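Here are some exercises on sheets and helices, each with a worked solution. Have your viewer ready and try each task before reading on.

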Amino acid sequence: MRRPRLAVAGLALAVAAAGGVASVARGDAPERVPRYVTDDRGRALTLHGFNTASSAKSTPDALPELTEADVETEYRAMGTNFVRFLIQWRAVEPSPGVYDTKYLEKVAERVGWYAKRGYHVMLDMHQDLWGDRVTPDGHAGNGAPGWATHTDGLPVARAHDTWELYYLDPGVMRAFDHFWNTTGEHPELMDHYARAWRAVAEHFKDDPAVIGYDLMNEPWGGAVQGAAFENGPLAELYRRTIAQIRSIDQDNWIFVEPQAVGVNWGLPSGLPRFEDPRAGEPRIGLAPHIYPLPLDLGEDYVGAAREWTDTTLGWWRSNMLRLAERQDGPVILGEFGLDTTRPGAVELVERMLEVTDELGMGRAYWSRDPGPWGPYDGKGAPGPLVPVYARPYPRAIGGVPRQVAYDRASHSLTVRFDANGTGPTEVYLPADEFPRGGRVTGALSSTWDPDRRILTVTTPASGTQTLTVTPA
Ligand SMILES: CN(C)c1ccc(C(=O)NC[C@H]2N[C@H](CO)[C@@H](O)[C@@H]2O)cc1
């Protein structure tokens with residue numbers, strides 16, 4: 001659906017002005033992320049997958065509309081190994097201090113569907129527009145429970161042309177201001193949120209498929225915006241939540257997001273560094289999103305809008321790498337996506353896969369839901385996203401990655417890394433371009449699993465290794 005450009009542009013300018021969003025940061029940014037999520041052998045993971053699923057925002061049980069067959073279909077078609085799995089505070093803590101273990105067990109059942117197929121799972125405490133008690137029809141956002149929602153009777157529109165304008169409704173703004181205790185009237189709410197995460201971590205801390213927790217989806221500061229928000233109430237929420245999670249789970253990764261507005265479009269984030277109280281190396285990473293403003297304004301990834309989008313993509317990569325350097329952690333691009341039937345859309349997706357390969361970032365496409373944005377339409381027929389997302393990639397690398405690059409024209413994947421003896425490197429190869437699997441140079445040996453479409457490559461346990469994989 002093409003959004004009224006004036007509305008979004010007005011929102012963007014209003015919020016950027018209100019938040020005093022800094023100009024684009026300059027200066028040298030690093031070329032790749034400083035660290036990686038690793039598997040239980042210590043191999044660096046390339047996390048390639050989907051957000052599953054937006055439907056969880058509006059289902060009564062807060063679970064995504066998903067079957068195990070859907071997970072199998074996804075693996076068979078695209079060989080993904082990662083999922084950003086949406087969960088909801090309203091379901092975790094249906095009433096103050098009461099945690100719904102049956103809900104968490106149902107989440108765990110679905111995590112098990114992914115685990116059986118070798119996936120890694122990041123749990124995303126997902127909010128959009130605060131929660132259903134604010135948008136009466138439960139439109140789009142269902143994150144927060146009713147008991148934590150205090151609008152003070154201020155109005156919330158029955159409908160908006162563009163869903164994000166709900167964020168500016170007085171009732172929504174007030175609900176957020178109370179949550180962040182900007183009003184000074186509800187100091188308890190952030191602690192409830194942090195303890196709800198502790199309950200989630202208690203349930204999943206020993207689940208081998210769960211690699212970590214994405215603390216809040218697209219945080220919105222209400223009356224407080226920009227660096228004041230990110231260094232103020234948002235940082236306070238993250239610190240309290242990190243402390244609660246680490247009181248029960250010393251090992252899973254914890255991911256923090258900058259504010260959405262401005263940063264999703266490529267502007268810099270003022271998010272501070274977060275310390276990890278765990279013994280050993282810190283395990284705090286970043287999970288930013290990218291939605292280039294020209295595309296948000298309804299343009300297509302063609303012509304001048306493509307050039308402008310690429311410019312903002314350049315800002316985004318510098319700013320996110322700078323943030324990752326400050327945090328000294330991995331980066332998972334938690335969301336990117338668009339209407340894949342639009343002109344240039346497939347090229348944008350390919351560009352984002354190239355960029356995340358180049359920077360060493362994981363990625364989760366928004367989203368797995370049926371429809372023009374997703375891989376399948378409402379009848380389950382594959383759309384244009386499937387062949388581009390069925391991309392060769394090194395699922396697990398037996399060393400510190402230095403370069404990952406796929407040249408689709410020559411069907412050649414290059415993986416360069418400093419081997420560290422953590423095990424063989426596993427490469428997913430899609431059927432279309434690698435019907436008989438792959439051949440590899442630079443290896444000691446390799447084996448091909450035609451069922452899972454994985455080439456397992458053995459290299460020397462030290463020194464810089466360069467693998468080149470082409471179709472067998
Ligand atoms: C004004 N605010 C706070 C705002 C505006 C726009 C978005 C957005 O487009 N987000 C991109 C996608 N992310 C969500 C799910 O996390 C999707 O519903 C959006 O399309 C977010 C926040």
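**Exercise 1: from one residue to a sheet**

Task: find which residue Phe-255 stands opposite in β7.

Solution. Step one: Phe-255 stands opposite Gly-285 in β7. The model is predicted, so to speak of local features pLDDT must be at least 70, while side-chain atom pairs count only at pLDDT 80 or more and totals for chains, interfaces and linings use all residues. Residues are numbered from 1 along each chain as its sequence is written, and side-chain values use heavy atoms, without hydrogens and water.

Step two: strand β6 (residues 253-256) runs parallel to β7, joined by three bridges. Strands here are DSSP runs of E with at least two residues, helices are runs of H or I with at least four, and both are numbered from the N terminus; two strands pair if DSSP finds at least two bridges between them.

Step three: the open sheet has eight strands in parallel pairing, ordered β7-β6-β5-β4-β3-β2-β9-β8. Its edge strands, β7 (284-286) and β8 (332-333), each pair on one side only.

**Exercise 2: a helix on the sheet**

Task: work out which strands helix α8 touches.

Solution. Helix α8 (residues 233-246) packs on the sheet and touches β5 (210-214), β6 and β7; contact means heavy atoms within 4.5 Å. Next, the direction of α8 makes about 165 degrees with that of β6. Axes are lines fitted to C-alpha atoms, for helices over the stretch in contact, and angles run from 0 to 180 degrees between N-to-C directions.

**Exercise 3: the antiparallel sheet**

Task: give the strand order of the five-stranded open sheet.

Solution. The order is β1-β10-β13-β16-β15, with antiparallel pairing. At the edges, β1 (44-45) and β15 (445-449) each pair on one side only.
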